[in-house]
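Hi,

Here is the structure I promised to pass on to you. Have a look at it first, and then read my notes underneath.

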Amino acid sequence: MSDPAATVTSVTSTLVNAKGLTKHFGSFEAVRGIDVEVSRGEAFGFLGPNGAGKSSTMRMVSCVSPRTGGELRVLGLDPDTDGPRIRARIGVVPQQDNLDTELTVRQNLQVYGRYFGLSRSAVRAKATELMEFAQLSDRADAEVEPLSGGMKRRLTIARSLVNDPDLLLLDEPTTGLDPQARHLLWDRLFRLKQSGVTLIITTHYMDEAEQLCDRLVVMDGGRIAAEGSPGELIRRYSTKEVLELRFPPGEQSGDEVRDLAERIEVLPDRVLLYTSDGEAALAAAHARGVRPVSSLVRRSTLEDVFLRLTGRTLVD
Amino acid sequence: MSTHVVSPWRAPLIAVEHHWTWYRRNWRATVISNFLQPVLFLLAMGVGFGSQVREGEATGGHPYLVYLAPALLVITAVQNAVFESTWAVFSAFKWQRTYLAAVATPITPAQVLHGQLLWIALRLVTGTAVFLLIAVALGAISSPMAVLAVPFAALAGMAFSAPAVAFTATREKPDSFNAIFRFLVMPMTLFTGGFFPLSQLPAWIHPLAWLTPVWHGIELARGATFGTLRLLPALGHVAYLSALVALGVLLGRRYFRRRLAV
Ligand SMILES: Nc1ncnc2c1ncn2[C@@H]1O[C@H](COP(=O)(O)OP(=O)(O)OP(=O)(O)O)[C@@H](O)[C@H]1O
Ligand SMILES: [Mg+2]
């Protein structure tokens, strides 16, 4: 295209563009050539089990970890040469909190904002606004150390917003939190998405991915196994319904029910039957004299997609 | 956009501001080791033990307290540099992980190092200055030229600190820090002419003493205080100490990058 304005738009509407991206630690290949494109306004997810390479990828995108090979552009710039400029415009929530626990909630936000070159008065105002957003105003001048895990996580997220980032990278934002704390965080992330912030989230919770992500990739062993919206992935790699038959561990090979479904998965304690009609499959199994400890008919989830793609469960 | 990449000159100052925010809350905990301990030392060695020491050639014709004070200024600076360059830096990598937070901003690993060293230098200058005032109040120092001992002591402290910070950046565990204090810093402060002239020690120890920043710092601080410092040796001492600082900064930049950009 010859119109320069159009070129600029097309460049800036793709916030992250990776081609054949790799990361090695010594001889170990943590990321083995992945292609990713994230557009402005999107909520994009990396779903995968422990060691899949999610954090390694996030750290390359956040320009703290140099890539080993492949192409990477973040906000249209190359992290190798423009790291500081990119980092000035993104927000990062690392997997492990790195707050200054000997400072107060307010001081953490102010100090961090200063690193982005914001003036003292600007960080004062911003800290107040962000404590409001993260529901931490009543703890403003309390030291961080004794705060609960959920509060620390909220503060880390608030801190990542201090520079009004174009792109927010969240590495397992809710791991280790209780359900109530997770829902509060999801609500905050949802608001950010509504306000137009582009989100990249890693998680090994399928419900989190389904709740928050417009589009995601399933990652395993440093590679991308599949890509799409949660609905697309489920339609493509699973059936409408799943019949779960629970047995005492090791007492079921799945042979008696194999022909009752399009596909089955045999796990240590249960057999999953992928079918468009779970109730019918259950009736057929009963008619054959199969007697599970319990049974359940449910809709397919990303967990099933993952199982199909990798032969393993996500959270074990 | 209200944010931008801060200049390489301003970035370390922002890191210093971070340290200062911490210090404002926690300075009380540093008072005992930074001030009280050296003052107790000055009283015990200078006034107590020193009353048994005759003035003479060995003490440059000065009372022992007066002979000791400028050297103790240097020794205090180096000892204060130890904790700030090992445990504090290690914590920022491993426990508090504040460095990891900083390098996710436009700040670079090298700038984090520069900020850390600048902060340690500020601590050494202010700590030594306060110690000087106390020594004056105790009658241990009277020469106005002793003011020069403050930057000399801080320089000696940094000549130890910069390489020590670089070393700390390579550590995965804090095991070696106590050994550094016991087997490097203690001998370095005891056998480098501070408490008694180097000439009292066997000749083979002298070259070892000349390698230490403490010996150079004591030569400078004492020479300035007693007006016996000559230009050429002074330049030599400053050059050697500066070279150690430069070496520490160069190694530190490499190790900070290796540690923080993985
Ligand atoms: N600094 C490092 N040095 C050596 N190996 C590393 C390093 N960082 C990560 N790895 C290895 O790379 C692989 C991928 O790690 P990564 O942290 O990216 O996985 P992840 O998908 O984020 O997993 P998790 O869900 O456990 O956070 C793992 O096998 C890990 O041990
Ligand atoms: Mg991870």
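Which residue of chain B forms a salt bridge with Arg114(A)? The partner is Glu17(B), and the closest N and O atoms of the pair are 2.7 Å apart. Before you go hunting for that pair, please keep in mind that this is a predicted model.

Let's start with the two chains. The count of salt bridges between chain A and chain B is three, and the one between Arg114(A) and Glu17(B) is among them. There are also 15 residue pairs in polar contact between chain A and chain B, counting pairs with both residues at pLDDT 80 or more. On the chain A side, the elements that give two or more residues to the surface touching chain B are β1 (14–25), α3 (79–87) and α4 (105–115). Of that side, α4(A) provides the largest share, with five residues. If you sort the chain A residues that touch chain B by type, you get 13 nonpolar, eight polar and 13 charged.

How big is the whole thing? People often describe the size of an interface by the accessible area lost when the parts come together. Here, the area buried between chain A and chain B is about 3,000 Å², and carbon and sulfur atoms give 53% of that. In terms of residues, 34 from chain A are in contact with 31 from chain B.

Now for the ligand. Which residues are closest to ligand 1? They are Gly51(A), Lys54(A), Ser55(A), Ser56(A) and Gln95(A), out of 14 residues that surround ligand 1.

Three contacts are worth finding on your screen:

- Ser55(A) uses its side chain: an N or O atom there is 2.7 Å from an oxygen atom of ligand 1.
- Gly51(A) uses its backbone, with an N or O atom 2.8 Å from an oxygen atom of the ligand.
- Ala52(A) also has a polar backbone atom in the picture, 3.1 Å from an oxygen atom of ligand 1.

On its own, ligand 1 has 640 Å² of accessible area, and the protein covers 63% of that.

As for where the shell around ligand 1 comes from, β2 (28–39) and α2 (54–61) of chain A each supply at least two residues. The element that gives the most is α2(A), with three residues. By type, the shell divides into seven polar, five nonpolar and two charged residues.

Have fun clicking around!

Cheers

How values were computed
Residues are numbered from 1 along each chain as its sequence is written. Chains are lettered from A and ligands numbered from 1 in the order in which they are written. This is a predicted model: local features need pLDDT of at least 70, side-chain atom pairs count only at pLDDT 80 or more; totals for chains, interfaces and linings use all residues. Side-chain values use heavy atoms; hydrogens and water are left out. Contact means heavy atoms within 4.5 Å. Buried area is the accessible area (1.4 Å probe) that two parts lose on being put together, summed over both. A salt bridge is a side-chain nitrogen of Lys or Arg within 4 Å of a carboxyl oxygen of Asp or Glu. A polar contact is a pair of N or O atoms within 3.5 Å; within protein, one must be able to donate a hydrogen and the other to accept it, and residues adjacent in sequence count only if both atoms are side-chain atoms. Helices (H or I, at least four residues) and strands (E, at least two) are DSSP runs, numbered from the N terminus. Ala, Val, Leu, Ile, Met, Phe, Trp, Tyr, Cys and Pro count as nonpolar, Asp, Glu, Lys and Arg as charged, and the others, Gly among them, as polar. A residue is near a molecule or strand if one of its heavy atoms lies within 4 Å of it. Accessible areas come from the Shrake-Rupley method with a 1.4 Å probe; for residues, only the protein chains shown count as cover.
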